[in-house]
Amino acid sequence: MILAYLLIGFLGLLFLGWALRAAGRGLIGSPYFRDMGLSVAFGYMLAVALVALLAWGYWLSRFAPPEIAPRYFFLRIAIEGLVLFALAGWLFRALGRTLGTAGSRKVFRAMPVTAAFGILVILLYAIVAIFAPLLAPYGQDQVLATANVVPGGDPALGGNPDFPLGTDQIGRDILSRLIFGAQNTVGFAFVTTCLAFLLGGTLGFLAAVLGGWLDQLLSRFVDVLMAIPSLIFALLLMAIASAWAGSERWLLTLYMVVIIAVIDSTRVYRLSRAVGQNIVVMDYIEAAKLRGEGLGYLIFKEILPNAYAPLLAEFGLRFCFVFLTIAALSFLGVGIQPPLADWGTMVRDLAAFINYAAFAPQAASPPLLAAGAIALLTVAVNFVVDWMLYSSSGLKE
Amino acid sequence: MGTVAKIIAQRLGLGILTLFIVSIVIFTAVNMLPGDFAESILGQGATPEAVAAIRRDLGLDQSPVSRYFDWLGGAVRGDFGSSFAQANFASFTGSDSGSGLTSVAQQIAPRFANTMFLASVAAIIAVPLSLTLGVLAALFRNSVFDRVVNIATLSSISSPEFFLAYVLILVFAVLNPWLPSLSNIYEGMSFPERLEKTLLPALTLTLVVTAHMMRMTRAAIINLLASPYIEMARLKGLSPMRVILRHALPNALAPIVNVVALNLAYLITGVVVVEVVFVYPGIGQLFVDSVKIRDIPVVQACCLIFAAAYILLNLTADILSILSNPRLRHPR
């Protein structure tokens, strides 16, 4: 049945595409239509159909009778969110193009909207994470009198204006927990990534400069560690760490940071060793060695400044990876431990609310908000890294 | 042909060696657990006789080296010992050593089959989809279509699996009740029914891996478009589609096959979170549950299986990329 509808839709769009091309040839007669393949015409029609469907869904979400409208609530949020994000990114880029020094204006001029949006989101997250205690209306583990308040702040739907995003099953304010989650989840991920870079970067550069048996030993060791899938290895080590930590939950969080940092430092080691080896054979390193400079000078004054660009891009990607690993571990229940609020745990705790989405969409939104907060940051970082890699690689075709 | 066979034999040997060392790493890691299993199972009020009995049951009174070789020897034959969760119960009932225990292999085997089913459904959807999208994106590069696909795939790569999973549940199970949101799979299920229950988790995995494969396909093809023979094909007057399908794609196959194999390896590990979200009775869920209750033999066995699958697929990627290199296949 569904297949029949799909087939009819496909043929209909194909016909419309053919008609569009024929009309374009007859009425306008520009070479663009003459050279247009049927697949391209079909693509245009498909895009038109998709936009029309989305517009129809949006219209339903606003003006349909209240029995149907809730089903389109999330579509409306998605469309409004997308438009808002694109607009914010565009405005931020426009702002960057007019303000600031000549250098920064030039950077913004060559920037795609996605990268501008990414930078804006990263800045916002950083501000929220740093000033979380000032921004959050309640404490992260403060149990309030009323549990299960529906988000939206509308008393008619079971909301409460004091808790704009509602409260969870045991009465903690979800907005405050989301804000503190920025501090905990992002903060731990950032610390872990820095630790991984400190460890992997130092060892990688050392291996590149010294070579010989140290390089062989470290590289083979890293090869073995990289042969185990990282999430699986992290889970195995967390099982052991939880036995060591016992009932000291903050200790388990600390172990998690160390474990993930060590696992991720293997990837950093690989990259910094490869980058370092390319730099070590340069003439200026030879000159520095002949000058009698020490190991520290070679690594920090000669190699590091020249390895800056690839390491920075790698830092972004590593951060995303670490952030997602921490979120996944917390989601599985062995990551950041309560009473600290974090997004992975929130998704797991609130997941059951999704089942109310068909009739009470507001009540179903908290788990998606927490998961979306994770996704938004990683998407933003990836947009920025993608742009950095693209502009530094010089790929233009 | 001799050189290729030699290289492949080398890679295989290296793979087996890696697996061996990985098994040592896993075993050592598990042996870093504090205290004694027997004491932690029985709790504080245990009599020394009971502790000694459990230690004998589980073979904990032997030296680590001999335990390692026992474990490895068993693992090679598919015998991973017996699960502690059940061992606990058997010792309290005072049964003979080793009788009433469920073996880990019995626990893992059906779940492993389920996981392979899930991963293969995901692969069957993801591979053709990502190749088609990659070719299309390369064909219409730098157009609006390319940019939209680029942004969409980048977003789906970087989202956590559980976000994608819950969005799919929201759209396809709650708002439109088309597919079940829980995958309760049992034995003797008919194939269409089983497929229906597996479809949502498989779609989630598809979203995660398609993006990466599609981007690599696009990059591999676009890298080739500057080559002289592509220029020639264009000047001959071939259509852009034909240039890409007949001239670029066959030469871009090596990196594409490589990335497909790597992503299948990723599927094996990405399965953990997805199985937990959909309560899919696979090996990933068993692994997470065993981690939580510290059922060490099961954790060890799952870890080894995951690592073996991962190494095997990486090895396959390696060998395929050697085989698809024409300079190695036809040495002068």
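**Notebook: chains A and B**

I looked up A:Asn355 and noted it as partly exposed, because its relative accessibility is 47% and the partly exposed class runs between 20% and 50%. The model I am reading is a predicted one.

**Entry on A:Asn355.** I traced where this residue sits in chain A. A:Asn355 is in the loop that joins α15 (343-350) to α16 (361-393). I then checked its distance to A:Gly152. Along the sequence A:Asn355 and A:Gly152 are 203 residues apart, and in space their C-alpha atoms are 18 Å apart.

**Entry on helix α9.** Next I turned to α9 of chain A, which covers residues 212-226. I wanted to see how its length compares with the expected span. The helix has 15 residues, so at 1.5 Å a residue it should span 21 Å. That expected span is taken with one less than the number of residues. I found the end C-alpha atoms 21 Å apart, which agrees.

I asked myself which residues of α9(A) are buried. I wrote down A:Asp215, A:Leu218, A:Ser219, A:Val222, A:Val224, A:Leu225 and A:Met226. Then I asked what these buried residues pack against. In chain A they pack against α8 (174-210), α10 (230-245) and α11 (249-280). In chain B their partners are α1 (2-31) and α13 (296-323).

**Entry on the annotated domains.** I looked up the UniProt records for both chains. For chain A, an unreviewed entry lists "domain: ABC transmembrane type-1" at residues 182-389. Over that span I noted 84% helix and 0% strand, with the end C-alpha atoms 27 Å apart. For chain B, the annotation "domain: ABC transmembrane type-1", also from an unreviewed entry, covers residues 112-317. That span is 83% helix and 0% strand, and its end C-alpha atoms lie 22 Å apart.

**Entry on chain A as a whole.** I counted secondary structure and got 16 helices and zero strands. Along the principal axes, the C-alpha atoms fill a box of roughly 75 × 70 × 50 Å. Chain A has 397 residues, of which 45% count as buried.

I also looked at contacts. Among those with a separation of 6 or more, 66% are between residues 24 or more positions apart.

For the surface, I noted that chain A exposes about 20000 Å², with 73% of it supplied by carbon and sulfur atoms. Last came the charges. Chain A has 24 positive and 21 negative charges, and the mean positions of the two sets are 9 Å apart.

Methods:
Residues are numbered from 1 along each chain as its sequence is written. Chains are lettered from A and ligands numbered from 1 in the order in which they are written. This is a predicted model: local features need pLDDT of at least 70, side-chain atom pairs count only at pLDDT 80 or more; totals for chains, interfaces and linings use all residues. Side-chain values use heavy atoms; hydrogens and water are left out. Helices (H or I, at least four residues) and strands (E, at least two) are DSSP runs, numbered from the N terminus. Buried means under 20% relative accessible area, exposed over 50%, partly exposed in between (1.4 Å probe, protein chains only). Contact means heavy atoms within 4.5 Å. UniProt positions are given in the numbering used here, feature names are shortened, and annotations may be inferred rather than shown by experiment. Accessible areas come from the Shrake-Rupley method with a 1.4 Å probe; for residues, only the protein chains shown count as cover. Lys and Arg count as positive and Asp and Glu as negative; His and the chain ends are not counted. The place of a charge is taken as NZ of Lys, CZ of Arg, CG of Asp or CD of Glu.
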